[in-house]
Amino acid sequence: MRRALSNIRKAFGPYADCLITDRVNIRLAPDVIILNDATSGGELLEDLFINDPEFDDWLRDTRMFFDAPQPSSALESPAPHTSYRRVMSISTDEAVSGEAGLLQNMLGDILAERLVATGPVEVYRNQRIDPKMPHDRIDVTAYPVGSQWVFSLSIVEAPKSRHVWSGRTRIDFTAKSNGESNPFARFCNEAIAALADRKINLAANSDPFFVMNFASARLFTGQNSDLRTGMALLDTVVSHQTDAALPLAWRGFAKLTKALDSSDTTTELAVSAMEDASKAVALSSSNSTALALAAHVHLLLSGDADYARFLAQKALTIDEEDPYAGFAAGTAAFYNGETQRGLDLVRWSRECAQPLTNSFFWDVQNAILGLSTHDFDDCYSSALLASAKMPTYRPALRYLIAIALLKNLPDEANRYVLRLRQLEPNFDVRRFIEDEYPVPSLRRVGLSEETVSRAARMIEQ
């Protein structure tokens, strides 16, 4: 790798400084590189052939990104059908009875609840679907092996009969749970992640389930271009869906993210985010994810911790396996002074969320809420894990800097400062004490001034 990077720098000639590298990233300096439309004149890097599966995966994902509608042409985005919902068929073996049949149905019920909370879908149980109709068939099986039960899920996309995903898990119901999340929940979330994160040509796909899940995933990368793309796609889903509660809630969350990242929570953007959240609540009182996202928007923009707790608790009552509901309820409890309950709920939901592509979001929340207990070692490991999963996720880098300083690790803190400045060129640790800078929990637990003080001592030394 070192030799390859050296050769690239030599090839760049006078522009060698444009290549920026560290332990986890290789990028071009954003202040000197202008990226033209990658789709003009053919596919991105269409003449480049490298026999490397990981490069192929990266190239496919990058081409898919450029195929996606860009914010400047939101009106050209794929228009999801007004009333179309993706059909999901959950099948269990009806010939199986007794405990096996009961457990199969229990897993099927949890899976159906989680699917409905994920996007615009119609879920059917053990019903024959027209084989010519595009749908996903999910087969559920359960059988005993000694003191354990083995559960399997298999997903096939019809009418192509294309295998999408299959998985298996073992559960010992006689073992003590030790407070872990429902083992069914994590397994179901693993299957749903496989359904939602399929590699598709988004520009040619009008299925709102895929469009919305692709859009919501863009909100967590830490890249402004992804955030703009996600918001533009959510605009199209909202405008073409009759039941728009969930996309409205996601759009409100996207606006919240943009408002926090721009340190501007008092303008029209923040008001618009609150409006989207309120509309989502009015349109649906039964979608746990929509209620959870709305709760978080209200909590951080209006400061109404009581209303946020009400919405989050309602979401948790609807679906206690929804990781967004657990996160929202935990954060609302934390803001209401219930520190330990908040931390317990976030850790519970973090277990459920691990199969999701944005699981780093829960890792960061665990680090943030854990600051109140001063268990900086656990906070640091959680933030490190989040940053390793998504190196451009700015909240992880912000809290890594703070926690490293609190742990008296100046070299590490300085390294994360340099990484964050690649994303926020004007970043300064002294901003941690500013009310508008997005580290509210650091200030809430009274550690922002201590962090800045340690940073000042580090500079003096």
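Here are some short exercises, each with a worked solution, on the predicted model shown above.

**Exercise 1. Getting an overview**

Find how many helices and strands the protein chain has, and what share of its residues count as buried.

*Solution.*
- Step 1: Start with the secondary structure. The protein chain has 18 helices and seven strands.
- Step 2: Turn to burial. The protein chain has 461 residues, and 50% of them count as buried.
- Step 3: Look at the surface. Its accessible area is about 22,100 Å², and carbon and sulfur atoms account for 50% of that area.
- Step 4: Add the contacts. Take those between residues at least 6 apart in sequence: 61% of them join residues at least 24 apart.

**Exercise 2. Following the strands**

Work out which strands pair with β5, and in which sense each pair runs.

*Solution.*
- Step 1: Begin with β3, residues 86-92. This strand pairs with β5, residues 135-145, in the parallel sense, over six bridges. To see the pairing in the model, look for S89, which stands opposite R137 in β5.
- Step 2: Now look at β6, residues 148-158. β5 and β6 run antiparallel and are joined by 11 bridges. Two partnerships help you to trace this pair: V140 has L153 of β6 as its bridge partner, and H135 has A158 of β6.
- Step 3: Check the connection. β5 and β6 form a hairpin with two residues between them. In the turn, G146 has a positive phi of about 65°.

**Exercise 3. Carrying on from β6**

Find the strand that forms a hairpin with β6 in which three residues lie between the two, and decide whether β6 is mostly covered or mostly open.

*Solution.*
- Step 1: The strand is β7, which forms this hairpin with β6. S161, in the turn, has a positive phi of about 55°.
- Step 2: Look at the pairing itself. β7 covers residues 162-171 and runs antiparallel to β6, with nine bridges joining them. Here F151 stands opposite T169 in β7.
- Step 3: Judge the cover. Nine of the 11 residues of β6 are buried, so this strand is mostly covered.

**Exercise 4. Two asparagines with a positive phi**

Compare N126 and N408: where does each lie, and is each one buried, partly exposed or exposed?

*Solution.*
- Step 1: Recall the general rule. Most residues other than glycine have a negative phi.
- Step 2: Check N126. This residue is not a glycine, yet its phi is positive, about 50°. N126 sits in the loop between β4 (121-125) and β5. Its relative accessible area is 28%, so N126 is partly exposed.
- Step 3: Check N408. Its phi is also positive, near 60°, and N408 too is a residue other than glycine. N408 is in the loop between α15 and α16 (410-423). Its relative accessibility is 55%, and exposed means over 50%, so N408 counts as exposed.

**Exercise 5. A histidine in a helix**

Decide whether H298 is buried or exposed, and list the residues that it touches beyond its neighbours in sequence.

*Solution.*
- Step 1: Place the residue. H298 lies in helix α9.
- Step 2: Use the cut-off. Buried means under 20% relative accessible area, and H298 has 6%, so H298 is buried.
- Step 3: Leave out residues up to four places away in sequence. H298 then touches M274, A277, S278, G303, D304, Y307 and L311.

**Exercise 6. Spaces in the model**

Describe the largest cavity and the second largest pocket: what is the volume of each, and which residues line them?

*Solution.*
- Step 1: Count the cavities. The structure holds one cavity of 30 Å³ or more. The largest cavity has about 280 Å³ of space.
- Step 2: Look at its lining. There are 19 lining residues, and those closest to the centre of the cavity are T118, N213, Y324, L356 and N358. Among the elements that give two or more residues are α3 (98-118) and α5 (208-218), while α4 gives the most, with four.
- Step 3: Sort the cavity lining by class. There are 10 nonpolar, seven polar and two charged residues.
- Step 4: Move to the second largest pocket, which has about 790 Å³ of space. Of its 40 lining residues, L260, H296, L300, P438 and P440 are the closest to its centre.
- Step 5: Sort the pocket lining too. This lining has 20 nonpolar, 11 polar and nine charged residues.

Technical notes: Residues numbered from 1 in each chain as written. Predicted model: local features only at pLDDT ≥ 70, side-chain atom pairs only at ≥ 80, totals over all residues. Heavy atoms only, no water. 1 Å grid on protein atoms, 1.4 Å probe; cavity = no way out; pocket = protein on both sides within 12 Å on 5 of 7 lines; lining within 4 Å. Points joined across faces, edges and corners; volume = space filled by probe spheres on them. Nonpolar A, V, L, I, M, F, W, Y, C, P; charged D, E, K, R; others polar. Pairing = 2+ DSSP bridges. Buried < 20%, exposed > 50% of the residue type's maximum accessible area, 1.4 Å probe, protein only. Contact = heavy atoms within 4.5 Å. Areas by Shrake-Rupley, 256 points an atom, 1.4 Å probe, with all protein chains shown as cover.
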